[in-house]
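Got a viewer open? Let's take a walk through the two ligand sites in this one.

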Amino acid sequence: MTEDSPSSRIVPVLVPTPAERPYSYALPAGMDARPGAIVRVPLGPREVAGIVAEGESDGIDPRKLRPVSEVFDCPPLTPDALRFIDWVANWTLSPPGMVARMFLRAPAAFDPEPMLEGLRLAGGAAAGADIRMTDARRRVLELAGDGMAWTRSGLAHAAGVSASVVDGLAAQGAFEKVAIPPQPVAAAPDPGYAQPVLSPDQQAAADTLRRRIGEGFSVTLVDGVTGSGKTEVYLEAVAAALAAGRQVLVLVPEIALTAAFLERFQDRFGAKPAEWHSDLSPRMRERVWRQVAEGRVRVVAGARSALFLPFRELGLIAVDEEHDPAYKQEDRVFYNARDMAVVRGRIGDFPVVLASATPSVETRVNALQGRYGRVVLPARYAEAAMPDLHAIDMRRHPPARGGFLSPVLLGEVEKTVARKEQALLFLNRRGYAPLTLCRVCGHRFQCPDCSGWLVEHRFRGKLVCHHCGHNEPRPEACPSCGTLDHLVACGPGVERIAEEVAGAFPEARVIVLSSDLLGGVKRLRLELEAIANGEADIVVGTQLVAKGHNFPNMTLVGVVDADLGLANGDPRAAERTFQLLSQVTGRAGRSGKKSLGLIQTYQPDHPVMRAIVSGDAEAFYEQEIAARERAMLPPFGRLAGIIVSAASRAEAESHARSLRRAAPAAPGIAVLGPAEAPLALLAGRHRMRLLVHGEKRADLQSFLRALLEAGPKPRGSVKVQVDIDPQSFL
Ligand code: ADP
Ligand code: ZN
């Protein structure tokens, strides 16, 4: 194409639509928009933000195109970020515009942050001469005497006077107005601030990680029991990347966890990293986004969506608790942030560090086969020892009638509290009871829109659907037979365990922790702090307390129902249960006191229970890896789910069947189903699943593309979602 051909002024723009390709827009004369630039463009009746893509638009007359409205005054996304968008779109079979949209989550940040209005003492000694002096005024002038610019409120605050004092001085011409650049959301971390003294094992691991910085792409697994110092070690990689002038992203699976991480980080680097998660205020999100784009933020600690921040010189991603299911997004664009972090590292040619005490089987196999490096921290740091672990056979030590805690566990709780130490009772179920039924007619309370029971939440007096959020007050009478006061709660949730504990230990201070806690992340962080400070004797919690926290005085962990996750037919059920139980029992014994983990189970001989109790993780992984290999399940084979949902079962089923029939013949790939999804009804939509199983080398994406191309297009209420590497099979 020659330079003066009209089409040289056409730009392809990724806009948030399901289209397969970018849309073309005309670029008005005088506007400059390189690939990566963020622009405002008309789309139908609206205007939307989009990203200028690489490549050229073919032979269209720009006069027939709508023009770009505005190129934002914003650093463009890097070529790496654009390649990442393409890669994620291709891998997940998502429209590239919808992936681009994940980069555009802070619209107000596309314009520069406004300068702050500042005051500086007016030049010349004369300025202050004929101002009537008061003590308050004198203090202000003294402070401002340093000649630096202050904000009005900053100056008033520092001088301990009201802002009107500053205003009064300003009115008399004491100050000149100056512009102050917007404040950084986080101070610059100093890689040399507080270098830790590492144990020999830790040192060796840290050296390995440090060496990888600057050597291009690599993935290293930091594998070590809970409390062995994995965080301590990967922070040294962070230090090396910072020293090399690169930005760093640390992914953490749970925002509640970031609080502890922020503190650790500050102790090590003298400043906190910027945070990125859904609980940030919109204003803070915008500032973080902008300052990441400008390179002013050097380190972000964030949830999975932080992968889509506009870093300009990213040089390291650390993924903490890499096995955690929270890294999987199952909404719009289905992606696994752990895997996409590795992709981002490969595209940007920088190292990725994965840390876990219980790595995913996928990552373990990658390390075994040499694709990933692996450093091992075999023991807990310093005098802290792993807890003694035992299974409680619930068939032999059943709980009292109406209870869920065996006398063995209750006895240990009693001893622990008597020693003024803390006990944690873990049950991965929110609310009071998972099922409510009528003793007279047998009526069960079910969600009207989902195939699931309503969970009683007694604190709130409600019956709640954990799938769609539907809730209704718990009635006095059965809606089916009308009998009063004969509804019974079946099974336990954390609230009910807390009730049992309070009954058994009326003097003990009990805290219940689950995501139902009112007050959001702030409150949660306060509660976690309170526990760490010893303000509770017994904690009853869901997986929220299982992850990563350090509770120095916790010496007993009881797992109320270890069998809970094993029954659901998910190919990863054993792995997940192993990970969760290891993690939660790892909360005990962080500070050298003797500690105990007790696991209530009806199947003490199950391989998972045996592995946990014996502490033999290696044996568990070997078995699990062998089983996956035999069944050709990931990572020895590939899986993709296709979820077809519709307003009626008939529609969903017929569409799923047509898709199945449209599947092209492909060696090494099989389509299973359609079958009703385990959650056959979700938020009023009927759901069918197809499962695509391929050999390891199979090109699942091309197959799926061909299938979707050949099959009928979704019409009416039908929606089709593709889930590559599904983590959940609901
Ligand atoms: P992990 O991430 O493996 O669970 P952490 O890095 O959180 O382990 O370390 C566990 C605890 O031990 C933390 O309280 C941490 O501060 C402490 N610790 C680990 N290594 C060191 C070290 N070299 N010097 C001082 N404290 C350490
Ligand atoms: Zn529901």
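We'll go to ligand 1 and then to the zinc ion. Keep in mind that this is a predicted model.

Start by zooming in on ligand 1. There are 14 residues around it, and those that come nearest are Gln 202, Gly 227, Lys 230, Thr 231 and Arg 264. Three side chains from that group are worth picking out for their polar atoms. Gln 202 puts a polar side-chain atom 2.8 Å from a nitrogen of ligand 1. Thr 231 has one sitting 2.7 Å from an oxygen of the ligand, and with Arg 264 a side-chain N or O atom is 2.8 Å from a ligand oxygen. As for coverage, ligand 1 taken alone exposes 550 Å², and the protein buries 76% of that.

Now look at what the shell around ligand 1 is made of. It splits into four nonpolar, seven polar and three charged residues. Helix H7, spanning residues 230–243, gives the most to it, with three residues.

Next, move over to ligand 2, the zinc ion. Which protein atoms are its donors? They are the SG atoms of Cys 447, Cys 450, Cys 465 and Cys 468, at 2.2 to 2.4 Å from the zinc. Along the chain, these donors follow the spacing C-x2-C-x14-C-x2-C. Cys 447 and Cys 450 are both buried.

Why call this zinc site tetrahedral? Because the four donor atoms subtend angles of 107 to 112° around the zinc ion. For reference, the ideal angle for four tetrahedral donors at a metal is 109.5 degrees.

How values were computed:
Residues numbered from 1 in each chain as written. Chains lettered and ligands numbered in written order. Predicted model: local features only at pLDDT ≥ 70, side-chain atom pairs only at ≥ 80, totals over all residues. Heavy atoms only, no water. Near = heavy atom within 4 Å. Polar contact = N/O pair within 3.5 Å; in protein donor to acceptor, adjacent residues only side chain to side chain. Areas by Shrake-Rupley, 256 points an atom, 1.4 Å probe, with all protein chains shown as cover. Helix = DSSP H or I, 4+ residues; strand = E, 2+ residues; numbered from the N terminus. Nonpolar A, V, L, I, M, F, W, Y, C, P; charged D, E, K, R; others polar. Donors = N, O, S within 2.8 Å, 3.2 Å for Na, K, Ca; no water. Tetrahedral: all angles 85-135°; square planar, octahedral: opposite > 155°, others 65-115°. Buried < 20%, exposed > 50% of the residue type's maximum accessible area, 1.4 Å probe, protein only.
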